[in-house]
Amino acid sequence: MWFKNLRLYQFTQGYQLDKTALNECMNTHLFSPCSSQEPSRLGWVSPLSPKKTPPQTTDSDDIDLVFEQNDYLLICAKKQEKVLPASVINEALEEKAAEISEQEGRPVRRKERQDLKDDIIMALLPKAFTRSSFQYAYIDRKQGHVVINAASANKAEELLTLLRESLGSLPVIPIASKQLPFQMMTQWVTTASQSGSMPQHFVLGSECELANPKETGSVIRAKHQDLSSNEINSHLQAGMIISKLALNWMDGIEFVLDDQLAIKRLRFGDNIQEKADSFEAQTSEEQFAIEFSVMTLELSSLIKQLINALGGINTESESVEEIVARVEKSENDQNNRGVDEISFG
């Protein structure tokens, strides 16, 4: 149970979650396999046995979908997708279009081709193979964070959308720091090349990505390099910025931080792995609990110190729910005053 990528979110208002209430809400969105005509399906499964499909019975007790350890609630979403290679679809489409052209002596227009493609997909879906993926996340009730093991923002949003649908509301937004990550990363590398100074407990890794803010797509990737070297510093002096930076924390965790405050390629060192191995687990569930406990305690400290190094959390941002509530209140106020036009500024 070791996360490999982190997408960080924060609650924007007091939000009390306990295991029982969360589990009850999640049971309304259990995972079930795709039907013959569905391209994909997403639902909740047990973090302890994610490959086991929950029974779809209405008279059974709630399935245990939440793993609780200290102040952390672990959840898992399973996504099943039908696998339809684009080459197969395109080949069938070309054959069908050629058949129509030959029989009717006319070209097949774009709109008709799209309709044909949709029909072909629907015909092939029942025969398609399926593949499954699992998305883990945990809720840190003490810090008010949601931490998702996802490499992309889209994957993280899939899980948050499912959680929002299950709970009815979820006032969370991506964690934003007071100082922009690219500014601080650029500053750290620049300072390291001059004085070797870094935020406490953090050490530069050996890779980074430099971007030219004036030219989209202008990127230099440096790997296995001394980031305090004159070569890297010369690029920074020329106006480039650091958009991704490898960092080491407490000699225990290596990761890459990007300009969206996403943590990627997370690697736990041997000393942390040894902490988990030092406990005698009698069952696989006990081993799972030990690893999860060690991981969350380490990540909690890492996230706290990283955010502090970036100037702290920017608390001025609004969640989706708060934005909607504000807009609705504004609309109601305008309607009550008989105003037809609403302007947002």
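This is a guided walk through one protein chain, from its overall make-up to a few single residues.

Let us start with the whole. The model is predicted, and the chain averages a pLDDT of 87, with 89% of the residues scoring at least 70. One stretch calls for care: over residues 337-345 the pLDDT stays under 50, and the model has seven contacts beyond four places in sequence for these residues. Where pLDDT is low, the predicted coordinates should not be read in detail. With that in mind, you can look at the chain as a set of nine helices and 12 strands. Of its 345 residues, 41% are buried. The area that the chain exposes is about 19,300 Å², and carbon and sulfur atoms supply 47% of it. Among contacts with a separation of 6 or more, 70% are between residues 24 or more positions apart.

A good place to step inside is strand β8, which covers residues 202-211. Eight of its 10 residues are buried, so the strand is largely enclosed by the rest of the structure. Which strands does β8 pair with? One is β10 (residues 241-249), which pairs with β8 in the antiparallel sense over seven bridges. Within that pairing, E209 has K244 of β10 as its bridge partner. Another is β9 (residues 219-223), joined to β8 by five bridges and also running antiparallel. Here L210 is matched with I220 of β9. As you follow these strands, a general habit is handy: in a regular strand the side chains alternate between the two faces of the sheet.

Just before this strand sits a residue with an unusual backbone angle. H201 is found in the loop between α5 (181-194) and β8, and its phi is positive, at about 80 degrees, although it is not a glycine. Most residues other than glycine have a negative phi. H201 is partly exposed, with a relative accessible area of 34%. You can find a second case at N70, in the loop between β3 (67-69) and β4 (72-83). N70 is not a glycine either, yet it has a positive phi of about 55 degrees. Its relative accessibility is 48%, so N70 counts as partly exposed.

Now for the interior. In soluble globular proteins, nonpolar side chains tend to be buried together. The largest nonpolar core here has 54 residues, and the ones touching the most other members are F3, Y138, W188, L245, F255 and L266. Which element gives this core its largest share? That is helix α8, with 12 residues. Apart from this core lies another of 26 residues, including L17, I63, I75 and V172. To see how one core residue is surrounded, try F255. Not counting residues up to four places away in sequence, F255 touches F202, L245, A246, L247, W249, I263, K264, R265, L266, L302 and L306.

Helix α8 deserves a visit of its own, and two of its residues make good stops. M295 has its place in this helix, and at 0% relative accessibility it counts as buried. Leaving aside neighbours within four places in sequence, M295 is in contact with M1, W2, F3, Y138 and F268. With F268, which is 27 residues away along the chain, the C-alpha atoms are separated by 8.6 Å.

The other stop is T296, which lies in α8 too, a helix spanning residues 284-309. Is T296 buried or exposed? Its relative accessible area is 0%, so T296 is buried. The side chain of T296 reaches the backbone oxygen of S293 at 3.1 Å. Beyond four places in sequence, T296 is in contact with Y72 and Y138.

Our last stop is I272, found in helix α7 (residues 270-277). With a relative accessibility of 2%, I272 counts as buried. Its contacts, again leaving aside neighbours within four places, are W2, G252, I253, V294 and E298. I272 and E291 are 19 residues apart in sequence, with their C-alpha atoms 9.6 Å apart in space. Looking back over the walk, W2 appears in the contacts of M295 and in those of I272, while Y138 turns up in the contacts of M295 and of T296.

Note on methods: Residues are numbered from 1 along each chain as its sequence is written. Side-chain values use heavy atoms; hydrogens and water are left out. Buried means under 20% relative accessible area, exposed over 50%, partly exposed in between (1.4 Å probe, protein chains only). Helices (H or I, at least four residues) and strands (E, at least two) are DSSP runs, numbered from the N terminus. Two strands pair if DSSP finds at least two bridges between them. A polar contact is a pair of N or O atoms within 3.5 Å; within protein, one must be able to donate a hydrogen and the other to accept it, and residues adjacent in sequence count only if both atoms are side-chain atoms. Contact means heavy atoms within 4.5 Å. Accessible areas come from the Shrake-Rupley method with a 1.4 Å probe; for residues, only the protein chains shown count as cover. pLDDT is the predictor's confidence in each residue, from 0 to 100. A nonpolar core is a set of buried Ala, Val, Leu, Ile, Met, Phe, Trp, Tyr and Cys residues joined through side-chain atoms within 4.5 Å.
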